[in-house]
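Notebook open, model loaded. I want to go through the strand pairing, then the helix packing, then the overall shape.

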Amino acid sequence: MLSVAPKDRDYLRFYFPCNEKQLVYRHCRVVFGVSSSPYLLNASIMHLLENCSPEYKEVAQKLKSSFYVDNCVAGVFSVDEIEIFIEKAN
């Protein structure tokens, strides 16, 4: 679960009908299942890849250019490389 910055929570608000008054709620976590979900997913993945530890920078760079929505399309030259890539990516 990824938190939404407090300054951005107004963009993820929704109204809840109530008998006495209209209640306004704001999501505190990244929401999936709304019209902006593909953007939110991509932004979340890119944020995580940009803020990874230095030992994973090479794999993170490859992943940043390999995602299409939520699919990773990347290639390597050997079985050994793919095992290392998968281990570091996880």
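I started with Phe14 and looked up its bridge partner in S2, which turns out to be Tyr25. Worth noting up front: this is a predicted model. Next along I checked Phe16, and Leu23 in S2 stands opposite that residue.

Then I pulled the strand limits. S1 covers residues 13–16 and S2 covers residues 23–26. The two pair in the antiparallel sense, over 4 bridges. I also looked at what links them: S1 and S2 form a hairpin, with 6 residues between them. A reminder to myself for reading side chains here: in a regular strand they alternate between the two faces of the sheet.

On to the helices. H1 spans residues 37–50 and H2 spans residues 57–64. I got an angle of about 155° for their packing, with the axes 9 Å apart. Angles over 145 degrees count as roughly antiparallel, so that is the label for H1 and H2. I looked up the handedness as well, and H1 passes H2 in a left-handed crossing.

Who touches whom in that pair? From H1 I find Met46, Leu49 and Glu50, and they meet Lys57, Ala60, Leu63 and Lys64 in H2. Sorting the residues of this contact by type gives 4 nonpolar, no polar and 3 charged.

Next entry: H2 against H3, the helix at residues 79–89. How far apart are the axes, and at what angle do these helices pack? The axes are 10 Å apart and the angle is about 90°. The range for roughly perpendicular is 65 to 115 degrees, so H2 and H3 get that label.

I listed the residues here too. Val59, Lys62 and Leu63 in H2 meet Phe85, Lys88 and Ala89 in H3. The split for this contact is 4 nonpolar, no polar and 2 charged. Leu63 shows up in the contact with H1 and again in the one with H3.

Last, I zoomed out. I count 3 helices and 4 strands in the protein. Read from the N terminus, the order of elements is β-β-α-α-β-β-α.

For the overall shape I took the radius of gyration: 18 Å, where a compact globule of 90 residues would come out near 12 Å. The box filled by the C-alpha atoms, taken along the principal axes, is roughly 65 × 25 × 15 Å.

Definitions and conventions:
Residues are numbered from 1 along each chain as its sequence is written. This is a predicted model: local features need pLDDT of at least 70, side-chain atom pairs count only at pLDDT 80 or more; totals for chains, interfaces and linings use all residues. Side-chain values use heavy atoms; hydrogens and water are left out. Two strands pair if DSSP finds at least two bridges between them. Axes are lines fitted to C-alpha atoms, for helices over the stretch in contact, and angles run from 0 to 180 degrees between N-to-C directions. Angles under 35 degrees count as roughly parallel, over 145 as roughly antiparallel, 65 to 115 as roughly perpendicular and the rest as oblique. A crossing is left-handed if the near helix is turned anticlockwise from the far one by less than a right angle, and right-handed if clockwise. Contact means heavy atoms within 4.5 Å. Ala, Val, Leu, Ile, Met, Phe, Trp, Tyr, Cys and Pro count as nonpolar, Asp, Glu, Lys and Arg as charged, and the others, Gly among them, as polar. The radius of gyration is taken over C-alpha atoms; the globule rule is 2.2 Å times the number of residues to the power 0.38.
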